[in-house]
Each structure stands twice: as structure tokens, then as C-alpha cells.
Amino acid sequence: MTTPPEPADPRDRPPAGLPLLGLLAPLGLYLAQVALYLRHVNDDAFITFRYSRFLASGLGPYFNVGEHVEGYTNFLQMVLMALVFALGGEAAVPAAAKLLGIFCGAGALALAWQLTRELARDVSGSGAQANAAAFAAAALVAVFPGYALNSTSGLETTLLGFSVTLGVLLGARAARDARWRGAGFAWGAAVLTRPEALLVFAVFWVATALGALAGPPGDRGRVRRRLALDAGIVVAVVLGHVAFRYLAYDGELLPNTYYAKAEGFRGLAPWRYVLGGALAPFLGPAGVLLGLLGWWAARRELRRGLPLAAVALTGAALPLLMGSDWMPGWRFSVPYLPLLGCLVTLGWFRLLRPVSRRRARAGVLVAVVVVGGSAVWHHAERRELRQLIELRAGGYATGHAALASWVRDGALAPGETVALMDIGIVGYYCPRQRILDITGLTDRHIAKSPGPLLYKEYDPAYVLDRRPELIVLVISTHGDPDRLPPVDAEYGTWIPIERLLYHHPEFEQHYRAVREAPPGATWDQRLAARLGAERIFPHAFPGQYYLLAVFRRQPPVLR
């Protein structure tokens, strides 16, 4: 039997309104960081936006008319943005996606704060310590730069985090109240947001069942009914989604992006990704280990928190299964940070219980010191991310957005094809042109070719045989992006298939038009003439010149 904790000294009770301050302070910290990254542009988000646009326009959930390929993995986000497009048009979608991400990021923090308060009372019985633990759980996530950054990306990252955190909170309340609280609906939203959420739900479901086995025998029947209801909702959602996929995408049972990314990404090692994205917000491996030790010490008191621990740890470990990611800010770890904050801080405050029984203010002091220290610790990363976002936001404006405007303003006729790697912004703002994705996210043949994402091994003739009017290749060389790119430098391509395309005999014959630059030509005109391209659009990238070289298929008379 657990010994009830001793009551705290009444003189150490926190002032009225402190619980609300413990929520508002993390939200304020979060919004302050969000303001640093509002210019964040993620080209991949615009892939989903093009699907949303076509769905809202009555063309179906497709990237190109007539090509039934599911090149997205965020069905719920796609449908929501289709509704936004139907109501507000083209300009509303990117803004609405940012607002949704910020709202869900704040909502997940609020849910984590509430979940921590409720579970902390099981450990300490003290409202003051529960409030301190809740503040620490939310604030540690709020000051982590990657969390705010991914809230502004336009992707589904924090929508998933909100859904998963809500599912765990409703599950914990169902265990407390011995009544079903609707967790299945939150998990249904999660599995529609990202496919890996189905695995996370299975872990939640099993952990809930195991927690019931450790409880009173009389509760097991009610738990089974609640679990059956949650599972029934999620299974119905999954089957409905699979049926939609089968009918809409030529009998496919898995999204095309599964095949495109099946062999992982050649980037940061997964274990380093976990260290930087899942453990770093909570004082690194030592801080997380300390939290787990405290959790183990409180395992009897935190029985109904077992699903929280299972989901948080599974989410933290997912990059070990899925591989790492190229996007800044630890995108794969971010959805599970609010739950990891709950898990770790509950463990810390369990270890502090001998002190906090006597002095209620001790927990508050520890929380403030730890959060302040974490904010300072991540200052360098925060500054580097801000610099990166400002640099690349300007680059997207002069590169991809400028290219899209040029194409849309008459460089390509409706129905003509442009082949390129970064298909999002160009695809969204050029809906009347066909887009050929040379990385395979929206092309089934390339996606099912061997090799990891960006390193697919396929014959470049597959692209050339489609006779795209424009082929856009990324060329690059090391240098200072704040200076004009050198015309005479040795440039290389960004990914292997671009190199194969550039040196293919048919490309040299039909797309490269090497010529003399006219007198008074600008640097980009001179470089385009040297390479045989029609236009060059610069995109800023740290330590590199990242240039979009546009090659046009030449009429026979000019070859």
C-alpha cells in the first residue's frame, strides 16, 4: 500500500492564480519563439497544398490530372487545407497551415500541462508540486527551438502532436474516472494525420491493457469495453482510409511516399537524431535517465500513466525505425515532445518528493531554474536556426517562388511539363502545368526504384522520354551565398539523378544550348549561357551557392 504523502506547510501554499500563470508562461515563451520563425518556408508543405487545391477544384486528390498517385502522408492536413482553399483561395492556404500549426503547437503544450498536473497529484498529492511539474513539462518544450520552428512549417507535425497528446490525456482521464472519454476519436485523427500513428496507438492500447491487469479485478471489464470502443473507432478510420486509397489511387494499399522513403535517408544517423531531437530538450541523456529513474520509483502511484510512458518512449525511438530526416528542427521527434516533457518531469518531481513535502516552493524554484537553464543552453541552436530560416526564406523568394512566377506568367503553356526536384512551391503556384518529380514522391515508377530518397537509381531516359518542356537542375558549389556566385567556378549537381540527366546524350542534344553571353549580361545570364540553360534562379543555402538552372527543350530548327 502506498503511504499517503505528508501535507505541505500551509505557509508554503502558492499564491492564487499561480496555476494559470504556470500555463500562460510556457505559452508566452512558445509564442515568442514562434515569432522568430514566422518566415519559415517548407517546400514539401506545398506538395500537400497542390493536392488540396486540386481536390477543392473538383479535379480529385491528385498532383497531376490523370496521375492517381498519393504523394503525401498527411490525409487530414490535406483535407483541411482543401476546405481552406475552397473558402479562401490560393493565398489563404499557406497562411492557414501556419496558423493551424501554431494553434496545435500551443494546444499540445496546454494538454501536456494539464496531463502533468493530473498525474503529478498521484505522486505528491500537492497542488503546488503538481503545478510546478506541469510548468516545467510545458516550458521545457516551449523553449526548445525545434518545437517552435516545426509549428510554422505548414506541415502536419504539431497537428499530430496535438492529436496524440489529446489521446493520451483522454485515456488517462478514462482510467481515473472509470468511464470512456473519447480517446479513440483523438487517435483516429492521429492516424489520419500520419501513418506511423497507427503503431503508436497500438502501443497506447497495449499499455492501457497492461495497466488494467495491474489494477483491481473489478475494473478489467470496464477497461476492456473502453479499449474495444477506442480500437473500433481507430480500425474503422483505418479501413475507411485504406478503402479510399484503394479506390482513388489505382488499387494501391500504401501511399507512394512509403516507397519513395522506404530505404531511408542518407543523412544524420538515427541515434544522433534521437539525441538531438528527443533527449536534448530535457537536459540530454542524463536528464531523461534521471526522469526515468524517478518514474520507476513512482510506478505504483503512476499506474494510469503507463500509456503516457509507453507512447512517449515509442515516439522518441521512432527515428531509429523510420530513419532520420533532412528538415531542420527535428521534425520526427517534435510531435512527442509534450508527452516526453510529462514523462521526464513527473520522474524528476518524484525524486524531489522528500524535499517538496516540507517546502512547497522548492519544486517551483527547481522548475524555474531548470527551464531557465535549458533556454540558455539552447540559445546557440536558436540563433543558428533563426539565421538559417532567414537565409532560406529569402532564397525561396528569389529561387522557387520566382521560378514559379516565371512559369506561371507564360514561360510554359498550360499542360506542358516541368521536371525538377523541389516540386512544392512551383507545383502549387503553377496548377495548369504538369510537374514531374525526379525524386519520386509523386511518381510511382521512380518511388519504386531502388535506393533511398534523393538517391533513387533509375534510368534518366524515363524522364527524358516524357519530353518535359523544362528540366530544372540544382547546381551548386561552395561559397558565401551573400555574394554573387562566380560564373567560372566548377559547379556540381545536388543529387545523382541530376548529374546523370545533365550528362545524358539526349539532354545535351535537346536541352543544352551553350552560347556566348551578350555584352553587358548579368552574372546569371553569363552562367546560363555557359551551362546551356535558359535561366538561373538563385536560392540561398548555408555555405553554398544553390542555383536552379532551367533548361528548355530546344525546337529541332535550333538544335
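**Briefing on a predicted 559-residue chain**

Of the contacts in the protein chain with a separation of 6 or more, 75% join residues that lie 24 or more positions apart. The model is predicted, with a mean pLDDT of 91 over the protein chain and 93% of its residues at 70 or more. Its secondary structure comprises 24 helices and six strands, and the points below take up the overall fold, helix 8, one residue of helix 10, and a nonpolar surface patch that draws on helix 9.

**Overall dimensions and burial**

- The radius of gyration of the protein chain is 26 Å, which agrees with the value near 24 Å that a compact globule of 559 residues would have.
- Taken along the principal axes, the box filled by the C-alpha atoms is roughly 90 × 50 × 40 Å.
- Buried residues account for 56% of the 559 residues, while the area that the protein chain exposes comes to about 23200 Å², with carbon and sulfur atoms supplying 63% of it.

**Confidence at the start of the chain**

- Over residues 1-12 the pLDDT stays under 50, and for this stretch the model has 16 contacts beyond four places in sequence.
- Where pLDDT is low, the predicted coordinates should not be read in detail.

**Helix 8 and its surroundings**

- Helix 8 spans residues 183-193, and because nine of its eleven residues are buried, this helix is largely enclosed by the rest of the structure.
- The buried set consists of A183, G184, A186, W187, G188, A190, V191, L192 and T193.
- These buried residues pack against helix 3 (75-88), helix 7 (157-177), helix 9, helix 10 (220-248) and helix 14 (306-322).

**H241 in helix 10**

- H241 is found in helix 10, and its relative accessibility of 13% falls under the 20% cut-off, so H241 counts as buried.
- Once neighbours within four places in sequence are left aside, the residues in contact with H241 are E70, F75 and L192; of these, L192 is also one of the buried residues of helix 8.

**A nonpolar patch on the surface**

- W205, V206, L210, L213 and L306 together make a nonpolar surface patch of about 430 Å².
- Helix 9 (residues 197-213) provides four residues, the largest share of this patch.
- L210, one of the patch residues, lies in helix 9 and counts as partly exposed because its relative accessibility is 47%, a value in between the 20% and 50% cut-offs.

How values were computed. Residues numbered from 1 in each chain as written. Predicted model: local features only at pLDDT ≥ 70, side-chain atom pairs only at ≥ 80, totals over all residues. Heavy atoms only, no water. Patch = residues over 30% accessible without salt bridge, like charges linked within 9 Å, V, L, I, M, F, W, Y side chains within 5 Å. Areas by Shrake-Rupley, 256 points an atom, 1.4 Å probe, with all protein chains shown as cover. Salt bridge = Lys/Arg side-chain N within 4 Å of Asp/Glu carboxyl O. Helix = DSSP H or I, 4+ residues; strand = E, 2+ residues; numbered from the N terminus. Buried < 20%, exposed > 50% of the residue type's maximum accessible area, 1.4 Å probe, protein only. Rg over C-alpha atoms; globule rule 2.2 N^0.38 Å. Contact = heavy atoms within 4.5 Å. pLDDT = per-residue confidence, 0-100.
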